[in-house]
Amino acid sequence: MTDQALKTPLLKTTPLNAAHRALGARMVGFGGYDMPVQYEGVLAEHRWTREHAGLFDVSHMGQCKITGEDATAQFERFVPGDYEILKAGKQKYSLLLNKDGGIIDDLMAGRPDHDGLFVVVNAGNKDEDFAFWDANLEGDAKLTVLDRALIAIQGPEAAEVMSAYEPLLAEMGFMECARLMLFGVDCYVSRSGYTGEDGYEISVPADQAERVWNTILEDARVKPIGLGARDSLRLEAGLPLHGHDIDPTTSPVEGALTFALSKSRKERADFNGAERILKELADGPSRVRIGLIVKEGAPAREGAEIADADGNVIGKVTSGGPSPTLGKNIAMGFVPPAYAALGTELKVVVRGKSAAAEIVAMPFVAQRYYRKPKTV
């Protein structure tokens, strides 16, 4: 064994690793895991998800439950959402904040049953997140890390595919969740997603993951999709990727994530970083996340400089690439608020060359989540 091999950390595997390899996936390291980046090609997989239904292995993400009489109150100390009023069968997107109001991680937390909160966090941060809760939860609040696989199905045909296995899934709306028997096993299911398309996330026991994955793939409307298309889909949907578009230095105001700040929590100001966040809401932040159309040249990737019309560097690109749906190059990044108005003409510097860019509204491609009709 070489010295280099000794220095290279071994990648972890998800319960679906053998299934990916059997399908001929190209595997890469991501978040410490050996993951499929593509099967037949990023562009084809992106388009298939937009038109039919794509199946994603997201088992590298962290799953846990926070239980006990004090669970919700303790959880709320570190997130700006109102979970005390969250009803059973509902979930919310939120942000795990440090004392300075920076985003340790973004997450989904819901009540699929009456046993506390079911929380899903990002793969690269999960060990840090779990350690944070272990160290900071008080009272009888208890963290339980779950050994489960997580499968996502996304696309306009996802609901039809899944309702064939359980008709109740067709009745779920966006950001609803449930604990139910599906494929003969105990599952946590939510209707949301990271692609901008309608779909579901299905948490299954790890030892049942391959069987469930292969069963869903038997439907001709479904194809396996890798991380490459997952990233291009989430970019079109204007969704931030932690560690790139947001990080522990970024506040929810800077990250354009103020929808995650509940009115009642802002009034109580009883969560980590409330002082900074409320000040930024009142006075404005020093920078803000924006969306760009790059009008010429090569795509502006992460790290590319953003300049004003006179060529003065004012910010950086945090995510960028071609949009298969729009046929244009798109990007997200940070600039001072004075340059953040829609329609502002800016420049991006790619490989030493300056290219015209324009600030546009996000999402770049309209999100198609299924929302139930409102009842009178």
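Strand E4 (residues 62–67) is joined to E8 by four bridges, and the two run antiparallel. Here, strands are DSSP runs of E with at least two residues and helices are runs of H or I with at least four, numbered from the N terminus; two strands pair if DSSP finds at least two bridges between them. The model is predicted, so local features need pLDDT of at least 70 and side-chain atom pairs count only at pLDDT 80 or more, while totals for chains, interfaces and linings use all residues. Residues are numbered from 1 along each chain as its sequence is written, and side-chain values use heavy atoms, leaving out hydrogens and water.

Within the pairing of E4 and E8, threonine 67 stands opposite lysine 142 in E8. Both strands belong to an open, antiparallel sheet of five strands in the order E5-E6-E7-E4-E8. Strand E5 (91–97) and strand E8 (142–145) each have a single partner strand, so one side of each is left without a neighbour in the sheet. On average, neighbouring strands are turned by 30 degrees against each other, direction ignored. Helix H5 (residues 126–136) packs on this sheet, touching E4, E5, E6, E7 and E8, and its direction makes about 15 degrees with that of E4. Contact means heavy atoms within 4.5 Å; axes are lines fitted to C-alpha atoms, for helices over the stretch in contact, with angles from 0 to 180 degrees between N-to-C directions.

What of the cysteines? With a disulfide taken as a pair of cysteine sulfur atoms within 2.5 Å, the count comes to zero. For cysteine 64, the nearest cysteine sulfur, that of cysteine 177, is 14 Å away. Cysteine 64 is buried (under 20% relative accessible area; exposed is over 50%, partly exposed in between; 1.4 Å probe, protein chains only), at 0%. Cysteine 177 is also buried, at 8%.
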